[in-house]
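Student: Could you take me slowly through a single part of this model? I would like to see how its pieces fit together.

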Amino acid sequence: MWLVDGVVRATWEAETGYDYQVVSHQERYADGAGWATREVQETRVRWEPRVGRLTRHYDNLAAPALETHPQLWQALGGYDLSQATAPDAARTASGLVRLPDRPPASAWSEAQLAFREAAAAECRLAATADHIRAFRWEPEFSQSTWTLLWLPLLSSAYRDDEGILRPILINGQNGHVVGVRRASMQ
C-alpha cells in the first residue's frame, strides 16, 4: 500500500447539516381503547451552504499499490493502518516481499479521493456541522511524498485428495484466514 503525504490548497463549498430536535405527536388506534396520542421526539437536519479556503498538510493517506488490492482487502478483512510499524529487517529477510505493480502515477486517483475525504471531514469539523453533503472543491496539490507500506500477509498451501494445490492467505494483523476449506476422509 502507498502512503501519501502532501499539501493541499483549495477553495471549497458544501452543504453542512446541523441536527435539531422536533417534538411531534403520533396518533394510534388501539382496539377497545380508541384513539391515543403520544408525543414523539424526532431528529431533523437543517442544511446550510458553506464556502471556505483550505490550506493543509496531510500525512499518510492510503492508496493501493497492487492491482489486486480491492480483492485482497475484501477477502482478508482489511487492515488497521493506525497500527502500522516500520518493517523489521530480521523478520522480512526470511520472507518474500511483493513489490507494487501500481506506480504512484497510477495510484494518484485513489490518493486524490483520500485527500478529498480528509478535507471534507476537516471542513465539517471546522463548520461545527453534524453532516456534510455536496462537497465540492478545486484543489491544488504540492509537496507530495510517497512511502511504501508493507502489510503483513502470510501465505501457505496444501494439496487436496486429488493432488491440486490449494492456496491459503492469512491476514498477519487480525489472523483472518482465506482459502478453500476441503473435507477429506484421508
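Tutor: Here is a close look at the open sheet of three strands. The model is predicted, so local features need pLDDT of at least 70 and side-chain atom pairs count only at pLDDT 80 or more, while totals for chains, interfaces and linings use all residues. Residues are numbered from 1 along each chain as its sequence is written, and side-chain values use heavy atoms, leaving out hydrogens and water.

Let's start with the hairpin. Strand 1 (residues 2-30) and strand 2 (residues 34-63) run antiparallel and are joined by 28 bridges; strands are DSSP runs of E with at least two residues, numbered from the N terminus, and two of them pair if DSSP finds at least two bridges between them. Three residues separate strand 1 from strand 2, and in that turn Gly 32 has a positive phi of about 85°. Follow the ladder and you will find Glu 13 bridged to Val 51 of strand 2, and Glu 15 bridged to Pro 49 of strand 2.

Now add the third strand. The sheet has the order 2-1-3, with antiparallel pairing. Strand 2 and strand 3 (131-148) stand at the edges with a single partner strand each, so one side of each has no neighbour in the sheet. On average, neighbouring strands of this sheet are turned by 15° against each other, direction ignored; the axes behind such angles are lines fitted to C-alpha atoms, for helices over the stretch in contact (heavy atoms within 4.5 Å), and angles run from 0 to 180 degrees between N-to-C directions.

Finally, look at what covers the strands. Helix 3 (residues 104-126) lies across strand 1, strand 2 and strand 3, and runs at about 130° to strand 3; a helix here is a DSSP run of H or I with at least four residues.
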